[in-house]
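The following exercises concern the structure shown below. Each task is followed by a solution that proceeds step by step.

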Amino acid sequence: QVRARAQLRFRLARPPTPTTLDPTKQKPPRPLCPPFPQSREESVWSCLVSSAKMAISPADTGFILLCAGLVQLMTPGLAFFYGGLVRHHNSVGMMTQNFVSLALTSIIWVLFLFSLCFGEDWDPYGFIGNPFTFAFFRNVGVHEPLEEGASGGVTAKIPGLLFALYQCMFAVITPALMTGAFADRLRYKAWLPFLFLWLVVVYAPWCHMVWGGGLLAQLGVVDFAGGIVVHITAGFSCNAILLVLGRRAIQPGGECHMDTPHSLPLVFLGTAMLWFGWFGFNCGSALAANGIAVVAGWNSQIAAASAMMAWTTLDWIFKGKPGLSGKCVGCIAGLATITPAAGFVQPASALLIGVLSAPVCYLCVLLSKAIGFDDALDVWGVHGMGGALGTVLLGFLADGSECASLEKSPDYCVNPGTVVAGLPQFKVQLLAAVCCAVYSFGATYLLLRITGCCMRVILPPEDQHRVDAAEHGEVAYYHVLHALSKPFVSN
């Protein structure tokens, strides 16, 4: 040790050798990836790490990986939420329809669905992505981001595979949102092929047009975390499904119990998991651990809280008592409405969005029941109209024109250089919301009709009071098996 210290002092004290301009005497530059003859694996790893240092942010990578796990947690949370809201004889069926989306969607995502959403344009207008660009995750980097252009201009400093994993969680939960609308009616065997077709025909085009650099992105439409891509597509598709399936069969004397939750603890547990996972949903959509993610988190919290209190007030006025289920539904309405604007508005605007979401979604739920749509769990009123409301309000509540420049914007701007409030932005947001609603309704109606030509899609009336036993051979509560044999009367 004494000898090593002496040698170090000698090297530090020695004057530097003068450099020369003679090219023949200059040392060759040090290679980026030096060879390690003793270990080929060490050489390859060192090369990969060195070449990725400038492209990948470890902080962003860890943050988005955590957010992907939070968004995946939302799917079982939704299963608990819907499973508690339906009647006891459909609890297992509802959870199964939600949970199977996690498996089937993930497989399709790897095969070609990710490429349909984020591949290069397959048509001249940017309607859908090329299914071969990222098929089987080909050209999706492990140690570098997706190439700009082929991924719609994504410049996140995270591995391409991580971006694909994060976006997969959105594709998983979007069709699962629809299951609450057609409770007790759609056969499980019909749900599987319909789920596959819906992801390809409805979800993929809108994901590409909005998030994949397609047509709507080029027109200036913005959707921070899924107001258009997730909530409007799923919410308005529900009305088309209800138009095909019709109303639920009712048991004699059971009309007043059709919409009564069978397990409020499950509803509360599901709401808590959804609220917790929504931080990954909205904060992670910043694709970086930065101030935009922080604002998105605060906006999510404020909108959910204000919507819950406003919904509770409405329940107190119209029903006489503030119930737990109303608080849970109001919370989800606020989260769905703030989703498209979470990373573009100030927290004060998020408070306003949350307060407005409760009466708008509440009235839409009442309207749906008044016109005869048997939306069992109010998916259209909460998710469809909530997502549309947030998408449109974004055009008015985003930051002002002083935030249009990325370099010269004030410090208080949430997302400078992206979107500013004004009539032009309001128009494109409204156009996108209306077009998405019309397309989702029409395409879903045709898809379910086509599925119905190949198989029976509607459960017979005698099985609608025993969905779990008839479809899955299991029930959630075995002590009520004796009550499942009462006859049903078709409405």
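**Exercise 1.** Determine which residues are in contact with Phe81, leaving aside its neighbours within four places in sequence.

Solution. The structure is a predicted model. Step one is to set aside the residues within four places of Phe81 in sequence. Step two is to list what remains: Leu266, Val267, Gly270, Thr271, Leu274, Cys328, Val329 and Ile332. Step three places Phe81 in a wider setting: the largest nonpolar core has 130 residues, and Phe81, Trp109 and Tyr203 are those that touch the most other members. Helix α6, which spans residues 188-211, gives the most to this core, namely 15 residues.

**Exercise 2.** Classify the aromatic pair of Phe81 and Tyr82, and then the pair of Phe224 and Phe344.

Solution. The model has 23 aromatic pairs. In the pair of Phe81 and Tyr82, the ring centres are 5.9 Å apart and the planes make an angle of 35°. Stacked pairs have planes under 30 degrees apart and edge-to-face pairs over 60, so an angle between these limits counts as tilted. The pair of Phe81 and Tyr82 is accordingly tilted, and both of these residues are buried.

For Phe224 and Phe344, the centres lie 5.4 Å apart and the planes stand at 85°, so this pair is edge-to-face. The two partners come from distant parts of the chain, 120 residues apart. Phe224 is in the loop between α7 (215-219) and α8 (227-245), whereas Phe344 is in the loop between α11 (324-338) and α12 (347-370). Phe224 has a relative accessibility of 8% and counts as buried; Phe344 is likewise buried, at 8%.

A further step is to look for a cluster of rings. Trp109, Phe114, Phe118, Phe134, Phe137 and Phe163 are linked into one by ring pairs.

**Exercise 3.** Establish how many disulfides the model contains and which cysteines are joined.

Solution. The criterion is a pair of cysteine sulfur atoms within 2.5 Å. The count by this rule is 1 disulfide. The sulfur atoms of Cys403 and Cys413 are 1.8 Å apart, and a disulfide joins these two residues. The angle about the S-S bond is -80°, and the link of Cys403 and Cys413 is left-handed. Both cysteines sit in the loop between α13 (379-397) and α14 (423-454), 10 residues apart. Cys403 is buried, with a relative accessible area of 1%, and Cys413 is buried as well, at 9%.

Next, consider a cysteine outside the bond. Cys168 takes part in no disulfide, as the nearest cysteine sulfur, that of Cys117, is 9.9 Å away. Cys168 counts as buried, at 5% relative accessibility.

Finally, why does Cys364 not bond with Cys361? The sulfur of Cys361 is the closest cysteine sulfur to that of Cys364, but the two are 6.3 Å apart, which is too far for a bond. Cys364 has a relative accessibility of 10% and counts as buried.

**Exercise 4.** Describe the second largest pocket by its volume and its lining.

Solution. The volume of the second largest pocket is about 460 Å³. Its lining consists of 21 residues, and those nearest the centre are Lys319, Val329, Val365, Lys369 and Asp378. To see which helices contribute, note that α3 (58-85), α10 (291-318), α11, α12 and α13 each supply at least two lining residues. One of the residues nearest the centre of the pocket, Val329, is also in contact with Phe81.

Technical notes
Residues numbered from 1 in each chain as written. Predicted model: local features only at pLDDT ≥ 70, side-chain atom pairs only at ≥ 80, totals over all residues. Heavy atoms only, no water. Helix = DSSP H or I, 4+ residues; strand = E, 2+ residues; numbered from the N terminus. Buried < 20%, exposed > 50% of the residue type's maximum accessible area, 1.4 Å probe, protein only. Phe/Tyr/Trp six-rings, centres within 6.5 Å; stacked < 30°, edge-to-face > 60°. Core = buried A, V, L, I, M, F, W, Y, C linked by side-chain atoms within 4.5 Å. Contact = heavy atoms within 4.5 Å. 1 Å grid on protein atoms, 1.4 Å probe; cavity = no way out; pocket = protein on both sides within 12 Å on 5 of 7 lines; lining within 4 Å. Points joined across faces, edges and corners; volume = space filled by probe spheres on them.
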